[in-house]
Amino acid sequence: MSADKLAPAHLPATSRRLDTNVLEPRWVRYTLIAVALVFLTLFLFVPLAAVFTEALRKGWGVYAEAIVDPDALSAIRLTLIAAAISVPLNLVFGVAAAWAIAKFEFRGKSILLTLIDLPFSISPVIAGLMYVLLFGASGWFGPWLEEHDIKILFAVPGIVLATVFITFPFVARELIPLMQQQGTEEEEAALVLGASGWSTFWRVTIPNIKWGLLYGVILCNARAMGEFGAVSVVSGHIRGETNTMPLHVEILYNEYNFTAAFAVASLLALLALVTLAIKSFIEWRLHQARSASLDAPH
Amino acid sequence: MTSLAMPGSTALAKPAKAPGRVIPGFGISLGFTLFYLALIVLIPLSAVFLKTSSMSWVDFWATVTSERVMASYRLSFGASLIAAAINVVFGGIVAWVLVRYQFPGKRFVDALVDLPFALPTAVAGIVLTALYAHNGWIGQYLADLGIKVAFTPLGVVVALTFIGLPFVVRTVQPVLEEAERELEEASASLGASSLQTFVRVVLPSITPALLTGFALAFARATGEYGSVIFIAGNLPMVSEITPLLIISKLEQYDYAGATAIAVVMLVFSFILLLAINLLQAWTRKRGGKS
C-alpha cells in the first residue's frame, strides 16, 4: 500500500534521471537498440517462432497425431520419470550442501564449491561416457551387474543417473549464495528461543529460501527434461522403451518426419517458455521484496 | 557480514565460537553432501582417468593426435572461439541496451534472453537447421548471396552462438547496473566525447565481466553436442566436432579411444574452469573497488 503511494512521487524523478543520464547522442542510442534487437530476432525470436510454425505446418490434426503416437507418449512418460527422480534428489542435495556451506566454516570450502560446479563444465557426452565405463559390459561393475541380472546402461536407471549428473549443481548453486547472504542470525535466534533444529529449518530457513529454492528447481527441471547428449550415450535408443522426448525428436528428425519431430519439440519449447515465465515471476517477486525492504524506513 | 562479526569476536571470545555449536546439522549435511558428490560426480569421473591409465602413452598420444581428431579440435575450439567472440560483441550490446535504455517490450526481451538455457539443445539443433538450410527462412536469403550455413562449419558457429548467448549478457548486466553513472557524467562534463567516455570509463569497468562471459560461453560451446550435430553435417575432417568423435568411437566399441579423447577435453575444461574462477574473482575485486 505504502509503495503505491510512493510510486507517483518517485516516477517522474526516475524518468527525468534516465533522460539526463543518457549521454550518448540519440542516433547512437537507436542504432544500439536496433543492433541488439536484430541480433536477438535472428538468434532467439525467429527460432522460437519457427518451432511452432514447423510443428503446425500440416495442421492441428497431424500435430495431435504426432503427440498421441504411442512412442511419443512413452517418451513423454520416460522424460517425466527421469525428471521426477533427479529433481528431488538434487533438491535434497542442494539444501544439504547449502546448509553445510552457508551456515558453517570449515576448511576446503572453496574446493568443495568448485567440485559442486564441476558437472557444468563437463561435456554431456563425457557424462554419458563415465556411466558406460562404470556400468557397460566391460565396465567396472558390468560383469557383476550381468550376474545379478540388473540393467543400468541402455535402461531407465542409466538415463536417470545421467540426468542426475547433468542437473547436479542447479539447486545448490542458487541456494548457496542466497543462504550465505542471509547468515545465521535468524536460525540462532530461533534455537536460542528453544526451537528444535528441525522446526527451525522448516519455519525459519525454508520460508527464507523458498523463492531461491523454486528458482533452482525449475531450472533443474528444464535441464532434466531437455538433456540430450548425456542421455543419448546411455540410452541405447530403444523406441518406446528408453527414448526420452529429446531423443524421440532426434529419431523422428532423422527419419525425415519433420512435422512430427517439431510437434514433439514444440512441447519442449513450451516447457522452456513456462520455465522462463516462472523464472521472471520469481525475479519480479524478489525485486519487489527487495524494494519493499528498501522503502520500509521511509 | 564478516566485518560486522569481527568486533564482537574480539570483545567476547566465547560467543564468537557459539554459532558452530548452536546451529545443528553440520555433520549430517556435510556428510551427505560429500557422499552424494563422490557417488554422482567423483567416482564416475575417476573412471575416465583410470580407464586411460590402462592405455600406453604411445597409444594414448597416437589416438589424441590422429589427423581426424586434430581436425575435430580445430573445429570445436575454433568455432567455439568465434561464437564466444560474436557473443561478446552482441551480448555486450544487448546487456547495455537492456540496462541503459527504455523501449517497448523490454521486459519480454529481457526474459527471453535466457531461452538458450531453457530450450533443450536438440530442439535448438533441429530448428536452427531448418532455418539455415538452403530452403529455410534465413538460409534462402543467404543462399542467394552464395553463403551456405547448414551442414558446414559455419552452421556449427551459428549453433554455438545460440547456446552461448545468455552468458555474456547475464554476466555484464549486473556489472552495468552497479556501475557508477557519476564517473561517466564527470568524464562527459570534463569534455570527453561519448566514445571517449565509453572507451576510457565504461569499457575498463566491464572488461572482467566481458571476459568472464566469453570464457563461460567458450567453455559451454566446446562441450556442446545436441544443438550442433543436426546443423553440422558431421563430415569427417570438415564438420565433425570432438564430442561427436567420442560418440562414434563408443559406437565402434573403442572405449579406450573414446576415453582418451574425453581426457583431453576434461583437462582442457579444468584449465578453463580455473581461468573462469580467477576471472570471477577479478570481477568481484573490480566491483568492490568502485
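In this predicted model, B:Leu112 belongs to helix H6 of chain B, which covers residues 106–112. With a relative accessibility of 6%, B:Leu112 counts as buried, because the cut-off for that class is under 20%. Once residues up to four places away in sequence are set aside, B:Leu112 touches A:Leu44, A:Phe45, A:Leu48, A:Leu273 and A:Leu276. From B:Leu112 to B:Thr171 there are 59 residues in sequence and 16 Å in space, taken from C-alpha to C-alpha.

Another residue of chain B can be read in the same manner. B:Gln173 sits in helix H10 of chain B, which runs over residues 153–178, and at 7% relative accessibility B:Gln173 is likewise classed as buried. If residues up to four places away in sequence are not counted, the residues that B:Gln173 touches are B:Ala95, B:Leu98, B:Val99 and B:Asp110.

**The two chains**

Chain A contains 14 helices and 0 strands, and the order of its elements from the N terminus is therefore an unbroken run of α. Chain B contains 15 helices and 0 strands. The radius of gyration of chain B is 24 Å, well over the 19 Å that the globule rule gives for 290 residues, so chain B is more spread out than a compact globule. For chain A the radius of gyration is 24 Å, while a compact globule of 298 residues would have one near 19 Å. The table sets out further values for each chain.

| Chain | Box along principal axes | Buried residues | Accessible surface |
|---|---|---|---|
| Chain A | roughly 70 × 60 × 35 Å | 50% of 298 residues | about 14,300 Å² |
| Chain B | about 70 × 55 × 35 Å | 49% of 290 residues | about 13,700 Å² |

Carbon and sulfur atoms supply 65% of the exposed surface of chain A, and in chain B 68% of the accessible surface belongs to these atoms. Among the contacts of chain A with a separation of 6 or more, 72% join residues that are 24 or more positions apart, and the corresponding share in chain B is 74%. As for charge, chain A has 20 positive and 23 negative charges, whose mean positions are 10 Å apart, whereas chain B has 19 positive and 15 negative side chains, with the centres of the two sets 10 Å apart.

**The nonpolar cores**

The largest nonpolar core has 171 residues, and those with the most contacts inside it are A:Ile116, A:Phe165 and B:Ile246. Helix H4 of chain A, residues 70–103, gives this core its largest share, namely 15 residues. A second core, separate from the largest one, has 5 residues, among them B:Phe167, B:Ala217, B:Phe218 and B:Leu272.

Which residues are in contact with A:Phe165, leaving aside its neighbours within four places in sequence? They are A:Pro119, A:Ile122, A:Ala127, A:Met130, A:Tyr131, B:Ile40 and B:Val41.

A:Phe165 is also one of the buried residues of helix H8 of chain A. This helix, residues 156–166, is mostly covered, with 8 of its 11 residues buried; besides A:Phe165, the buried residues include A:Gly158, A:Ile159, A:Val160 and A:Ala162. The cover over the buried residues of H8(A) includes H4, helix H6 (124–135), helix H9 (170–182), helix H11 (197–226) and helix H12 (229–235) of chain A, together with helix H3 (26–53) of chain B.

Notes. Residues numbered from 1 in each chain as written. Chains lettered and ligands numbered in written order. Predicted model: local features only at pLDDT ≥ 70, side-chain atom pairs only at ≥ 80, totals over all residues. Heavy atoms only, no water. Core = buried A, V, L, I, M, F, W, Y, C linked by side-chain atoms within 4.5 Å. Buried < 20%, exposed > 50% of the residue type's maximum accessible area, 1.4 Å probe, protein only. Helix = DSSP H or I, 4+ residues; strand = E, 2+ residues; numbered from the N terminus. Contact = heavy atoms within 4.5 Å. Rg over C-alpha atoms; globule rule 2.2 N^0.38 Å. Areas by Shrake-Rupley, 256 points an atom, 1.4 Å probe, with all protein chains shown as cover. Lys, Arg positive; Asp, Glu negative; His and termini not counted. Charge placed at Lys NZ, Arg CZ, Asp CG, Glu CD.
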